[in-house]
Amino acid sequence: MEFQEVVRRRRMIREYADTPVDPAVVDRALANAVRAPSAGFSQGWAFLVLDQRPDVERFWEVTTTPGELPDSWLAGMRTAPVVVIPCSSKAAYLGRYAEPDKGWTDEDEARWPVPFWHMDAAMASLLILLTAVDEGLGSCFFGIPPEHEATVRDAFGIPAAFDPVGAITLGHRAPDEAPSGSATTRQRKPQADVVHRGSWG
Ligand SMILES: Cc1cc2nc3c(=O)[nH]c(=O)nc-3n(C[C@H](O)[C@H](O)[C@H](O)COP(=O)(O)O)c2cc1C
């Protein structure tokens, strides 16, 4: 697919067919993810891939409150055959930037303009979303509620040095999938409102 077409078609998909996804496509998405830029080429990211039904079910169990009835969001999302959890490691960045070519040997977090560890995991995540479009699949990036983070870590053995930045569902769209989420109630901001040329005014 042509690049502009990939960008134009990308949107978050929240209803999936339970058709399996070709593992080669998931591999391609991950291969693209690790082509993302990273500060100091730190590559302090990791991707937990859940592509077996029991693991995916476990993910939804530990990210939802027990007894809660599945709402339509959850009902649509949980049929996705693959969930990828991109993680970032602050420690990897502090360590990398303490190396001689960077020289931040105090590992002082205040030196960082913004948390580059999360930024890089986000850039990698976008490449997963774009690869999904290119492969004719749907995907959705979503947050893991803070109250469920510990249970996700426990369930899947995510080490303390890594933080999940969110999760990505991947799968074939449900045949009757319709646009959903905030994009159905909010307009995309006009480019002129968000681009400031020369000065902000
Ligand atoms: C950092 C981030 C967090 C998001 N969290 C959620 C979420 O928890 N649940 C959800 O359904 N969508 C989530 N989204 C998707 C946004 O709602 C969506 O990107 C936005 O409404 C624009 O729609 P589009 O991506 O389909 O163009 C998230 C997107 C980003 C970038």
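The exercises below, each with a worked solution, deal with a ligand site and two helices in a predicted model. Local features need pLDDT of at least 70 and side-chain atom pairs count only at pLDDT 80 or more, while totals for chains, interfaces and linings use all residues. Residues are numbered from 1 along each chain as its sequence is written, and side-chain values use heavy atoms, with hydrogens and water left out.

**Exercise 1.** Find which side chains have an N or O atom at 3.0 Å, 2.7 Å and 2.8 Å from an oxygen atom of the ligand.

*Solution.* Begin with Arg 10, where a side-chain N or O atom is 3.0 Å from a ligand oxygen. Continue with Arg 14, for which the corresponding value is 2.7 Å, and then with Trp 73, for which it is 2.8 Å. A polar contact is a pair of N or O atoms within 3.5 Å. Finally, consider cover: the protein covers 59% of the 620 Å² of accessible area that the ligand has on its own (Shrake-Rupley method, 1.4 Å probe).

**Exercise 2.** Determine which residues of helix α5 are buried (under 20% relative accessible area, 1.4 Å probe, protein chains only), and how they are arranged around its axis.

*Solution.* Helix α5, a DSSP run of H or I with at least four residues, spans residues 90-97, and its buried residues are Tyr 93, Leu 94, Arg 96 and Tyr 97. Seen down the axis, these buried residues fall within an arc of 165 degrees (taken from the directions from the helix axis to the C-beta atoms), so they line one face of α5. The buried residues of α5 pack against α6 (116-134), where contact means heavy atoms within 4.5 Å.

Definitions and conventions
Polar contact = N/O pair within 3.5 Å; in protein donor to acceptor, adjacent residues only side chain to side chain. Buried < 20%, exposed > 50% of the residue type's maximum accessible area, 1.4 Å probe, protein only. Helix = DSSP H or I, 4+ residues; strand = E, 2+ residues; numbered from the N terminus.
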